[in-house]
Amino acid sequence: IHQEGTHELRIGQRGSLVFVHPSELLCREGHARLRSAQFLLVDEAAGLPVAEARQLLERARRVVMATTLDGYEGSGQGFLLRALPALREAKRGLRHLELSAPLRWGKGCPLERLADSLLMLDAKPATSEHVEGALPDDLTFELLDRAALASEAGAQELERIFGLLRCSHYKTKPSDLRCFLDTPGVRWYVLR
């Protein structure tokens, strides 16, 4: 949702949070607002283009950028691979903190395990021993059967393939899995 204009949340008698779209902070009039702010808090920073995130970091006095690296948002890996190096280059002494326990689930929550399993949020590619020592002459190029992948018998292979996609392409999201399995024109090929 893109809402134009500012929105203010008052906190007691002395403070406030002002919600401003990033584009409004990057225009000429937004520079003064950035310089006068005590802190700039950016939620889901992975949704910003790298150049905009860098400009915000360079122009504001104190910046906290938060983003989800894994899960259904799907763009956090791009932030880690593309934006974070650019931000480190722009600002020496940049600190990167990472939560090790999720906030939306309690520790060991069975609902989290179910969501991870159903949406393949924890899918992993095949381990290196499956591909080590493979020679070009030993490989075959195969078209996969989508119905077989979607069956119980194909679940392990589907998880390895989707895990490879998740690890290799930073914008992979759970809805891609549905698209790959349901869209008639999509074909899956593998090298074995």
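The paragraphs below walk through a predicted model, moving from one helix to its charged pairs, then to the surface and the cysteines.

A good place to begin is helix 7, which runs over residues 155-168 and so has 14 residues. From its first C-alpha to its last it reaches 20 Å, close to the 20 Å expected at 1.5 Å a residue. Its buried residues are L158, I161, F162, G163 and R166, and these pack against helix 5 (110-119), helix 6 (146-150), helix 8 (174-182) and strand 6 (189-191).

Helix 7 also takes part in a charged pair, for the side chains of R192 and E157 meet in a salt bridge, with 2.5 Å from N to O. This pair links distant parts of the chain, since R192 lies in the segment after strand 6 while E157 belongs to helix 7, 35 residues apart. R192 itself is partly exposed, with a relative accessible area of 41%.

A search of the whole structure finds five salt bridges, and another of them joins the side chains of D182 and R178 at 3.4 Å, N to O. Here both partners lie in helix 8, four residues apart, which is about one turn of the helix, and both D182 and R178 are exposed. Elsewhere, salt bridges that share partners join R54, E58 and E89 into one network.

Within that network, R54 is placed in helix 3, residues 50-59, and its side chain meets that of E58 in a salt bridge of 3.1 Å, N to O. Because R54 and E58 are four residues apart in helix 3, about one helical turn separates them. Both are partly exposed, R54 with a relative accessible area of 25% and E58 with 44%. Leaving aside neighbours within four places in sequence, R54 is in contact with A86, L87, E89 and A90. The C-alpha atoms of R54 and R88 are separated by 9.2 Å, although these residues are 34 apart along the chain.

Turning to the surface, one finds a nonpolar patch of about 580 Å², made by I11, L17, F19, F39, L41 and V64. One of these, L41, lies in strand 3, residues 40-42, and L41 counts as exposed because its relative accessible area is 54%, over the 50% cut-off.

Finally, what does a search of the whole structure find for disulfides? It finds zero. A disulfide is a covalent bond between the sulfur atoms of two cysteines. As for individual cysteines, C27 is partly exposed at 28% relative accessible area, whereas C109, at 19%, counts as buried because that value is under 20%.

Note on methods: Residues numbered from 1 in each chain as written. Predicted model: local features only at pLDDT ≥ 70, side-chain atom pairs only at ≥ 80, totals over all residues. Heavy atoms only, no water. Patch = residues over 30% accessible without salt bridge, like charges linked within 9 Å, V, L, I, M, F, W, Y side chains within 5 Å. Areas by Shrake-Rupley, 256 points an atom, 1.4 Å probe, with all protein chains shown as cover. Salt bridge = Lys/Arg side-chain N within 4 Å of Asp/Glu carboxyl O. Helix = DSSP H or I, 4+ residues; strand = E, 2+ residues; numbered from the N terminus. Buried < 20%, exposed > 50% of the residue type's maximum accessible area, 1.4 Å probe, protein only. Expected span 1.5 Å × (residues − 1). Contact = heavy atoms within 4.5 Å. Disulfide = S-S within 2.5 Å.
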